[in-house]
Amino acid sequence: MGVRQISNQQREWLSQELEFWRGEGFVDAAQTDRIRDCYETLGASGARQHSRARFALQGISALLVGLAALLVVGYNWDQLHWVLKLVLIFASVAGTHALAFYLRYVAGAQRVSEVVFFLGCLFYGAGIWLVAQVFHLDSHYPDGVWWWALGVMPLAIVLDTLLLHALFAGLLALWAGMEVTGFSHLSPWWAWNWWPNGAYSLPILAVPGLIWAYRRGSAAAVGLYVPILAWWVVLQAIGWDLEWQSIYLIGTMGAMFFIVAENHRRGSPMAIPYRLYGTLMVGGALIPPSFYDFHKELRRSSMHDSVAPTMAMLVLLLVVASVLLACSLLLRPLGECVGQPPLARLQEMFRRQRVPLALVLAMAAMAVLGFAPDGALPATIIANAAMIGFALWLMHLGLRDERGRLFAAGVLYFLAWTIFRYIDLFGEHGGMLGAALMFFLCGAGLWAVASFWGKRKEVRHA
């Protein structure tokens with residue numbers, strides 16, 4: 001068995017507990033040493049942290065060296081013959097990659113080779129535009145970033161390096177932003193001119209990186225790709241020119257992130273990125289619809305809008321949510337449900353997914369009510385109920401998985417709801433007494449919820 005990595009805080013706790021166990025006679029000196037030997041020493045831990053810091057600095061230095069080299073070449077670029085230009089471009093790309101392969105597979109300097117590979121990928125991206133400049137090619141310039149990302153992807157996956165994954169994810173985000181914000185009018189299908197350009201290959205390109213992250217068990221790599229998907233969702237609202245419907249699209253996709261998060265084992269660090277960005281998307285999308293005036297204004301501005309695009313988008317999102325729920329049942333990703341009867345697994349799935357599914361349905365209902373003549377009040381009630389339920393559910397997840405930040409997010413979101421409702425309901429007429437009543441009722445509600453969950457955990461542990 002290899003030596004396990006451990007943080008300084010964990011090592012301090014372990015040392016204190018071992019001394020206590022030894023004093024109580026639970027373990028002797030030999031057993032204490034054997035337990036300590038299972039974990040890395042203080043020097044090894046410091047060296048590992050120092051290595052990570054040095055690797056980060058080397059990556060930044062490679063970026064700066066690459067920029068410096070490009071500036072030097074660019075300074076004399078116009079005076080060079082086109083043949084020499086091509087030689088410099090291909091020699092720099094091939095030379096840096098050859099050096100990186102030598103360092104990795106011959107010299108055994110894996111960390112240094114990752115930095116050189118990163119520098120080679122920068123030269124490869126610059127070479128795309130330089131070759132186009134040599135031959136005076138004028139085309140759709142975001143395609144250059146797309147081909148750059150496509151060239152980085154196999155190296156990121158095969159070489160097993162997080163640095164190239166960061167470059168790959170950043171290029172995907174840059175390409176999608178350039179495509180949608182600048183060229184959303186260019187339909188990817190010539191026969192459907194009404195279909196906007198939404199950078200639809202981004203999720204497909206992100207899938208190999210996510211698969212690599214799960215095979216490596218790297219929550220950091222998952223944290224690179226999940227925000228890219230969230231960014232892509234926000235861009236869809238821009239590309240489709242959804243205007244007021246965009247808030248429901250963002251909220252629905254945030255709820256789907258929670259569906260994916262709940263497909264992980266309880267306490268899995270791989271679910272944290274999905275919950276983080278799902279919380280930001282759902283929490284932010286629920287705040288404006290919780291105001292009655294928001295729906296009244298939307299009703300006035302959307303009286304002449306067509307209902308067809310909204311209905312098509314809602315149907316598509318509901319289909320995606322249904323597919324995710326089906327995967328929860330058929331692919332058995334929950335972990336704890338393996339070996340259970342199908343009916344028990346179905347009940348477990350709906351128990352864990354009921355809040356995300358309710359959020360999806362709430363977003364769909366508010367979007368539909370936006371076209372109804374008397375839909376402002378029901379939509380406002382749905383939004384406020386969703387905010388309260390979402391806050392309580394975040395607290396529940398924090399208690400269930402023993403994650404203090406998640407529980408704190410639920411508490412803060414509930415307090416934010418109380419402030420918004422005071423501004424909305426009592427800001428002009430309630431004054432200090434109205435605020436005192438609102439905060440007292442909310443405090444009593446939180447106390448009741450804390451007491452309920454406390455008794456529930458006592459019953460579970462009894």
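The exercises below, each with a worked solution, concern a predicted model of a protein chain.

**Exercise 1. The chain as a whole**

Describe the helices and strands of the protein chain, the share of its residues that count as buried, and the share of its contacts that join residues at least 24 apart.

Solution. Begin with the secondary structure: the protein chain has 17 helices and zero strands. Turn next to burial, where 41% of the 462 residues of the protein chain count as buried. Finally, take the contacts between residues at least 6 apart in sequence; of these, 69% join residues at least 24 apart.

**Exercise 2. Helix 8 against helix 9**

Work out how helix 8 and helix 9 are oriented to each other, and which residues of the two helices meet.

Solution. Two packed helices are described by the angle between their axes and the distance between the axes. For helix 8 (residues 202-216) and helix 9 (residues 219-239), the angle is about 160° and the axes are 9 Å apart. Angles over 145 degrees count as roughly antiparallel, and helix 8 and helix 9 are therefore roughly antiparallel to each other. The handedness completes the geometry, since the crossing of these two helices, helix 8 and helix 9, is left-handed.

The next step is to look at the residues that meet: helix 8 contributes L202, P203, A206, G209, L210, W212, A213 and Y214, while helix 9 contributes A221, V222, Y225, I228, L229 and W232. Sorted by class, the residues of this contact of helix 8 with helix 9 are 13 nonpolar, one polar and no charged.

**Exercise 3. Helix 9 against helix 11**

Determine whether helix 9 is roughly parallel or roughly antiparallel to helix 11, and describe the contact between the two helices by class of residue.

Solution. The axes of helix 9 and helix 11 (residues 272-286) come within 8 Å and cross at roughly 25°. Angles under 35 degrees count as roughly parallel, which makes helix 9 roughly parallel to helix 11. The crossing in which helix 9 passes helix 11 is right-handed.

On the side of helix 9, the residues that meet helix 11 are A219, V222, G223, V226, P227, A230 and V233, and on the side of helix 11 they are P273, Y274, Y277 and M281. The contact of helix 9 with helix 11 has 10 nonpolar residues, one polar residue and no charged residues.

**Exercise 4. Two aromatic pairs**

Characterise the aromatic pair of F101 and Y105, then that of F390 and Y413, and say where the residues of each pair lie.

Solution. A pair of aromatic rings is described by the distance of the centres and the angle of the planes. A search of the whole structure finds 11 aromatic pairs. One of them is formed by F101 and Y105, with 5.9 Å from centre to centre and 20° between the planes, and this pair is stacked. Both F101 and Y105 lie in helix 4 (residues 82-105), where they are four residues apart, about one turn of the helix. As for accessibility, F101 counts as partly exposed at 39% relative accessibility, whereas Y105, with a relative accessible area of 54%, is exposed.

The pair of F390 and Y413 is edge-to-face, with 5.6 Å from centre to centre and 90° between the planes. F390 lies in helix 15 (residues 376-401) and Y413 in helix 16 (residues 404-426), so the pair ties together parts that are 23 residues apart in sequence. Both F390 and Y413 are buried, and together with F258 and W393 they form one aromatic cluster.

**Exercise 5. Three single residues**

Place A391, T252 and A199 in the structure, and decide for each whether the residue is buried or exposed.

Solution. A391 is found in helix 15 and is buried, with a relative accessible area of 0%. Leaving aside residues up to four places away in sequence, A391 touches G410, Y413 and F414. The C-alpha atoms of A391 and L412 are separated by 8.1 Å, although the two residues are 21 residues apart along the chain.

T252 is found in helix 10 (residues 246-261) and counts as buried at 3% relative accessibility. Its C-alpha atom is separated by 9.3 Å from that of G278, with T252 and G278 being 26 residues apart along the chain.

A199 lies in the loop between helix 7 (162-183) and helix 8, and at 1% relative accessibility A199 counts as buried. Most residues other than glycine have a negative phi. A199, however, has a positive phi of about 50° although it is not a glycine.

How values were computed: Residues numbered from 1 in each chain as written. Predicted model: local features only at pLDDT ≥ 70, side-chain atom pairs only at ≥ 80, totals over all residues. Heavy atoms only, no water. Axes fitted to C-alpha atoms, helices over the stretch in contact; angles between N-to-C directions. Parallel < 35°, antiparallel > 145°, perpendicular 65-115°, else oblique. Left-handed = near helix turned anticlockwise from the far one by under 90°. Contact = heavy atoms within 4.5 Å. Nonpolar A, V, L, I, M, F, W, Y, C, P; charged D, E, K, R; others polar. Phe/Tyr/Trp six-rings, centres within 6.5 Å; stacked < 30°, edge-to-face > 60°. Buried < 20%, exposed > 50% of the residue type's maximum accessible area, 1.4 Å probe, protein only.
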